[in-house]
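Got the viewer open? Let's go for a walk through this one, one selection at a time.

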Amino acid sequence: MCGPWRSECSARSGSPPIYPVVMVAVQKCSQDITAHVRKTAAIALTQLYALSPEQTNLSSVKKVLSELLADKNADVVGAAAMAFNRICPDDVDVIHPVFMNLCTQVNHAEEIGQVFILKLLLRYCRLSFKNVEGTEKDATTVEKKSHSASSDDESSSSSSSSSEADLNEEEQMDLKLDRDLLLVLRNVRKLLRTTNSAVLIAVCNIYFFCSPKHHCTECIKPLVRFVGSGSDESLPIILSTIHGFICQKDCVFEKYYKDFYVNPEDARDVYLLKIAILGRLVNASNADDILNEFKAYVHGFNTDVVLEGIQGLQRIASAHPEFSSRIVRLLQPLFSETNPRVVADAISVFRLLVMQKKESEETSKYVFKLMNQVVQGEIVSPVAVKSVLWLVGENIPQHEAIAGGAPDCFRVFLKQFPDLDSSVKEEVLILGCKIWFHLEGQSELSERFKNMYLFALKYASFDDDYVIRDLGRMVEGTKERDSPLFQLAKSALLSEKPSPSYTEPHSDRRSTELGTLTNYLGFPVFDYKAIPEWTETPIGVDERHPASHTLSASPGGKLSSSSSFYSSEKESSSSGKSEERSDATETDDTTDTDSSSEESSSSQESDSKAAPAPPSRPTNKNICPTPIVACNFFFFFTVLTRKRTLKSLAFFLWSVFIAVFIPHPLCHSLSFSSSLYCIPRK
């Protein structure tokens with residue numbers, strides 16, 4: 001125990017002259033018979049490399065790591081995986097010989113060791129196997145081709161039917177995947193039942209980055225289980241992982257939507273993530289419940305919850321336009337709120353609904369109401385005022401009341417034009433252009449509005465902001481209806497606007513590892529190592545399975561691959577049935593059995609000469625069971641009596657008969673004799 005302790009202390013001292021001596025001590029400790037010493041040696045390797053990476057001999061370190069990763073003790077393998085992730089995380093040549101051992105020991109290591117082994121397997125899968133996304137595309141194209149071929153020629157499809165024709169799309173994808181990648185996915189699936197959140201997130205990372213979408217559904221229930229039973233520290237990380245699965249893998253969490261309701265005791269990060277997740281779980285079956293939940297959020301007292309609830313309604317409106325009328329009714333009370341941020345966000349979502357052209361009559365009424373609130377000064381936020389002016393300009397031809405009140409709205413803002421915000425000034429000029437385009441002819445209203453319009457252009461030409469001055473010079477060309485600029489500006493401003501696309505705020509985190517601080521904050525921190533891209537040249541199977549490990553001699557003399565890692569219950573049952581059929585065929589042919597018996601006897605003789613058989617326990621088959629039955633009857637009869645003499649005599653006779661008749665099979669049915677079978681017969 002003192003060896004690794006001294007090497008660890010020497011590594012912490014950081015003295016370069018004794019580095020080779022410490023390295024020799026670590027190499028010696030890595031071959032110690034005690035597992036704890038070997039584990040400490042792996043930890044010391046990490047400290048040595050951190051103190052002086054320039055003096056580290058990577059070839060010798062990799063040799064020690066390969067020996068430690070091949071260890072049969074799971075704790076040693078976990079410590080070696082930690083050292084590998086720190087020293088050479090992308091050197092897959094070290095992992096090839098120990099790949100099978102890692103897949104086996106990941107289920108037996110301690111929890112922190114499991115996390116490091118899973119991180120190692122994640123990088124190894126990305127650097128060694130084929131891209132699974134290409135497999136999904138290949139499976140879909142194969143399925144389309146099979147359907148087209150069957151529709152073109154039914155006779156040829158019936159004649160060329162194979163086992164893959166009966167498989168569904170998911171099974172076809174699995175057939176396209178690498179066999180060792182399926183081995184990793186099957187072995188780490190057991191860890192989904194863990195009670196440690198770090199292990200669960202490490203397993204989810206492997207499914208997220210290294211498996212097709214249909215395999216990712218296995219992570220749904222374990223993640224939901226941690227939402228209700230996880231600690232306050234791990235709950236935000238679990239929720240961010242679920243949000244990543246929903247956004248990128250389209251995992252079906254809809255039936256667990258009630259687990260994401262906001263609780264009063266939830267922290268800020270927790271309820272923000274829950275609301276973001278709820279906004280993505282809306283469908284036709286749960287829309288009523290989720291929208292009622294959002295109604296409680298947007299009408300609450302917590303401003304952060306209200307703002308996030310409005311953003312959630314925006315996600316629902318962009319993904320499900322059929323719910324726009326209900327969303328408008330939820331947003332309508334927010335237009336009169338005193339908080340300018342709430343009003344601005346509510347009007348922004350309402351603007352999105354107007355651009356979707358749903359429920360135009362109802363939305364026009366709300367626009368007219370917003371226009372009156374802006375004119376009366378009830379809405380003062382620049383973002384909200386800008387959105388309302390845009391809504392007024394877009395809905396002039398939709399409703400007569402808006403068409404009659406838009407010039408008066410322009411007049412009110414023209415009075416306070418010098419004191420307005422730059423964004424509001426820009427929208428006032430654009431509103432004046434739209435009103436001028438809709439006023440055709442030489443009516444009195446058009447002449448009065450033309451004077452106000454020209455006055456606004458003079459205001460813009462003397463503004464302090466150069467953007468407003470440039471916009472004023474461009475709009476000045478529209479005052480003459482016969483000019484070509486008038487027609488171009490009219491076609492541009494009055495054209496039908498495309499429906500806006502919602503941009504996910506966490507779209508920049510898609511390539512980062514789940515559960516890390518980089519993924520949670522959205523920017524790289526500390527020594528974060530990005531997930532490597534899929535390799536273009538997958539590693540061959542021979543490098544992970546040498547001939548000495550994959551091929552073993554069968555009893556018939558043929559070479560058969562050892563499939564202990566890949567065989568399933570179905571394969572074992574099928575092999576058992578094949579053996580039974582082979583035995584039946586052998587019993588039918590008497591000549592074959594005679595020859596085989598002679599060969600087996602000769603082989604047994606040669607084997608007995610080559611190696612002596614282990615000593616067998618002597619048996620006596622010609623023993624009469626009558627004394628044993630009589631002894632047992634006498635024993636149980638005397639035990640029930642109260643006389644000590646008969647009891648002593650019964651125990652004496654019992655021990656004598658057990659010593660004599662112990663090999664007989666009848667003794668197996670006796671309760672007391674079963675404990676005495678370990679006594680050899682003399």
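Start by selecting P53, which counts as partly exposed at 39% relative accessibility. You'll find P53 in the loop between α3 and α4 (58-69). Keep in mind as you look that this is a predicted model. Now add I87 to the selection: P53 and I87 are 34 residues apart along the chain, and their C-alpha atoms are separated by 8.8 Å.

**Next: α3 and α5**

I87 is a handy bridge to the next stop, since I87 is among the α5 residues that meet α3. Select helix α3 (residues 35-51) together with helix α5 (residues 74-87). Two packed helices are described by the angle between their axes and the distance between the axes. For this pair the angle is about 10° and the axes are 8 Å apart. That makes α3 roughly parallel to α5, because angles under 35 degrees count as roughly parallel. To see the contact, show side chains for A35, R38, K39, A42, I43, L45, T46 and Y49 on the α3 side. Opposite them on α5 are D75, V76, A79, A80, M82, A83, R86 and I87.

**A jump along the chain: K529**

Hold on to R86, then select K529. R86 is one of the residues in contact with K529, along with N85, P89 and R123, leaving aside neighbours within four places in sequence. K529 is found in the loop between α28 and α29 (541-544). How far apart along the chain are K529 and P89? They are 440 residues apart, yet 9.3 Å separates their C-alpha atoms. Is K529 buried or partly exposed? K529 is partly exposed, with a relative accessible area of 34%.

**Zoom out for a moment**

Show the whole chain as a cartoon. There are 34 helices and 2 strands in the chain. Of its 682 residues, 42% count as buried. Jumps like the last one fit into a wider count: among contacts between residues at least 6 apart in sequence, 66% join residues at least 24 apart.

**Into the core**

In soluble globular proteins, nonpolar side chains tend to be buried together. Here the largest nonpolar core has 172 residues, and F245, F253 and F260 touch the most other members. This core draws at least three residues from each of domain 1 (17-128) and domain 2 (381-499). Centre the view on F253. Setting aside neighbours within four places in sequence, F253 is in contact with I220, L223, V224, I242, F245, I246, F260 and L281.

L223 leads to another helix pair. Select helix α12 (residues 197-210) and helix α14 (residues 220-229), whose axes are 11 Å apart at an angle of about 150°. An angle over 145 degrees counts as roughly antiparallel, so that is how α12 and α14 run. S197, L200 and C204 of α12 make the contact with P222, L223 and F226 of α14. The crossing of α12 over α14 is left-handed.

**A mostly covered helix: α16**

Now pick helix α16 (residues 268-278), where 9 of the 11 residues are buried. The buried ones are V270, Y271, L272, L273, K274, I275, A276, I277 and L278. To see what does the covering, switch on α15 (235-249), α17 (287-298), α18 (303-319) and α28 (517-521), which are included in the cover.

**Last stop: α24**

Select helix α24 (residues 422-438) and find E427 in it. Is E427 buried or exposed? E427 is buried, with a relative accessible area of 6%. Leaving aside neighbours within four places in sequence, E427 is in contact with K386, L389 and W390. V385 is worth labelling too: it sits 42 residues from E427 along the chain, with 9.1 Å between the C-alpha atoms.

S423 also lies in α24, and S423 counts as partly exposed at 23% relative accessibility. S423 touches P382 and K386, not counting residues up to four places away in sequence. From S423 to V383 is 40 residues in sequence and 8.0 Å in space, C-alpha to C-alpha.

Finally, add helix α26 (residues 466-475), which packs with α24 at an angle of about 5°, the axes 10 Å apart. That makes α24 roughly parallel to α26. Show S422, K425, E426, L429 and C433 in α24, and you'll see them meet I468, L471, G472 and V475 in α26.

Notes: Residues are numbered from 1 along each chain as its sequence is written. This is a predicted model: local features need pLDDT of at least 70, side-chain atom pairs count only at pLDDT 80 or more; totals for chains, interfaces and linings use all residues. Side-chain values use heavy atoms; hydrogens and water are left out. A nonpolar core is a set of buried Ala, Val, Leu, Ile, Met, Phe, Trp, Tyr and Cys residues joined through side-chain atoms within 4.5 Å. Buried means under 20% relative accessible area, exposed over 50%, partly exposed in between (1.4 Å probe, protein chains only). Domain bounds come from an automatic or database domain assignment. Contact means heavy atoms within 4.5 Å. Axes are lines fitted to C-alpha atoms, for helices over the stretch in contact, and angles run from 0 to 180 degrees between N-to-C directions. Helices (H or I, at least four residues) and strands (E, at least two) are DSSP runs, numbered from the N terminus. Angles under 35 degrees count as roughly parallel, over 145 as roughly antiparallel, 65 to 115 as roughly perpendicular and the rest as oblique. A crossing is left-handed if the near helix is turned anticlockwise from the far one by less than a right angle, and right-handed if clockwise.
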